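These are my notebook entries on a single structure. I recorded what I looked up, entry by entry.

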Amino acid sequence: MTAAMEMPRVQECVVAACAYNHTGDCHAFAITIGSLDHAHCHTFIEMPAVRAGLDGQIAQVGACQRADCRHNEQLECQAPAIRVGPDADMADCMTYDHR
């Protein structure tokens, strides 16, 4: 059996259009970051009439598909915390740093 790794928290999310965003905090249990071409937050969901997630819960980075990020080790984020910010049509991990 292996010990569970402490996952980095989403320190801040400034993507107000996301249903998981409650006043600058992400309330999803965990988020997934990455795609082949960009550090997108794949948990982003734009539903103006829906408030999603759990009150009191601050999201963690559950998985990161950007193996080219300096914080990524075996597809797990090793940053102490991340920030999520706006992109043209989605949300991005602003902590992403290309190796």
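**Entry 1: Asp68 and its partners.** I began with the accessibility of Asp68 in this predicted model. Asp68 has a relative accessibility of 22%, so I entered it as partly exposed, the cut-off for buried being under 20%. I then looked for a charged partner and found Arg66, whose side chain meets that of Asp68 in a salt bridge with an N to O distance of 2.6 Å. Arg66 is buried, because its relative accessible area is 8% and buried means under 20%. I noted the general point that side chains of opposite charge can pair when their charged atoms come close.

**Entry 2: Tyr96.** Which residues does Tyr96 touch beyond its neighbours within four places in sequence? I listed Ala39, Arg66, Asp68 and Cys69. Both members of the salt bridge from the previous entry, Arg66 and Asp68, are therefore on this list, contact meaning heavy atoms within 4.5 Å. I checked the side chains for polar contacts: Tyr96 is joined to Asp68 at 2.8 Å and to Arg66 at 3.3 Å. Tyr96 is placed in the segment after strand 9, and its relative accessibility of 26% makes it partly exposed. I also recorded a C-alpha separation of 9.7 Å between Tyr96 and Val84, which are 12 residues apart along the chain.

**Entry 3: Arg70 and Asp97.** I turned to another salt bridge, formed by Arg70 with Asp97, and read 2.5 Å between the closest N and O atoms. Arg70 is in the loop between strand 5 and strand 6 (72-73), and Asp97 is in the segment after strand 9, so this pair ties together parts 27 residues apart in sequence. Is Arg70 buried or exposed? With a relative accessible area of 52%, Arg70 is exposed, whereas Asp97 is partly exposed at 32%.

**Entry 4: Glu12 and Arg83.** I counted four salt bridges in the structure. One of them joins the side chains of Glu12 and Arg83, at 2.7 Å from N to O. Glu12 belongs to strand 1 and Arg83 to strand 8; the two are 71 residues apart, and the pair links distant parts of the chain. I entered both as partly exposed, Glu12 with 29% relative accessibility and Arg83 with a relative accessible area of 36%.

**Entry 5: the nonpolar core.** I next asked how many residues make up the largest nonpolar core. The number is 20, and the residues with the most contacts inside this core are Val10, Val15, Cys26, Ile31, Ile33, Ile82 and Val84. Two or more residues each come from strand 1 (9-13), strand 4 (30-33), strand 5 (60-64), strand 8 (81-86) and strand 9 (91-93). I followed up Ile33 and, leaving aside its neighbours within four places in sequence, found it in contact with Ala39, His40, Cys41, His42, Val61, Ala63, Cys64, Gln65, Arg66, Ile82 and Cys93. Arg66 and Ala39 thus appear in the contact lists of Ile33 and of Tyr96.

**Entry 6: a nonpolar patch on the surface.** Finally I looked up which residues make a nonpolar surface patch of about 210 Å². They are Ile45, Met47 and Val50. I located Met47 in the loop between strand 4 and strand 5. Its relative accessible area is 36%, so I entered Met47 as partly exposed.

Technical notes
Residues are numbered from 1 along each chain as its sequence is written. This is a predicted model: local features need pLDDT of at least 70, side-chain atom pairs count only at pLDDT 80 or more; totals for chains, interfaces and linings use all residues. Side-chain values use heavy atoms; hydrogens and water are left out. A nonpolar core is a set of buried Ala, Val, Leu, Ile, Met, Phe, Trp, Tyr and Cys residues joined through side-chain atoms within 4.5 Å. Buried means under 20% relative accessible area, exposed over 50%, partly exposed in between (1.4 Å probe, protein chains only). Helices (H or I, at least four residues) and strands (E, at least two) are DSSP runs, numbered from the N terminus. A polar contact is a pair of N or O atoms within 3.5 Å; within protein, one must be able to donate a hydrogen and the other to accept it, and residues adjacent in sequence count only if both atoms are side-chain atoms. Patches are made of residues with over 30% relative accessible area and no salt bridge: like charges are joined within 9 Å, nonpolar side chains (Val, Leu, Ile, Met, Phe, Trp, Tyr) within 5 Å. Accessible areas come from the Shrake-Rupley method with a 1.4 Å probe; for residues, only the protein chains shown count as cover.
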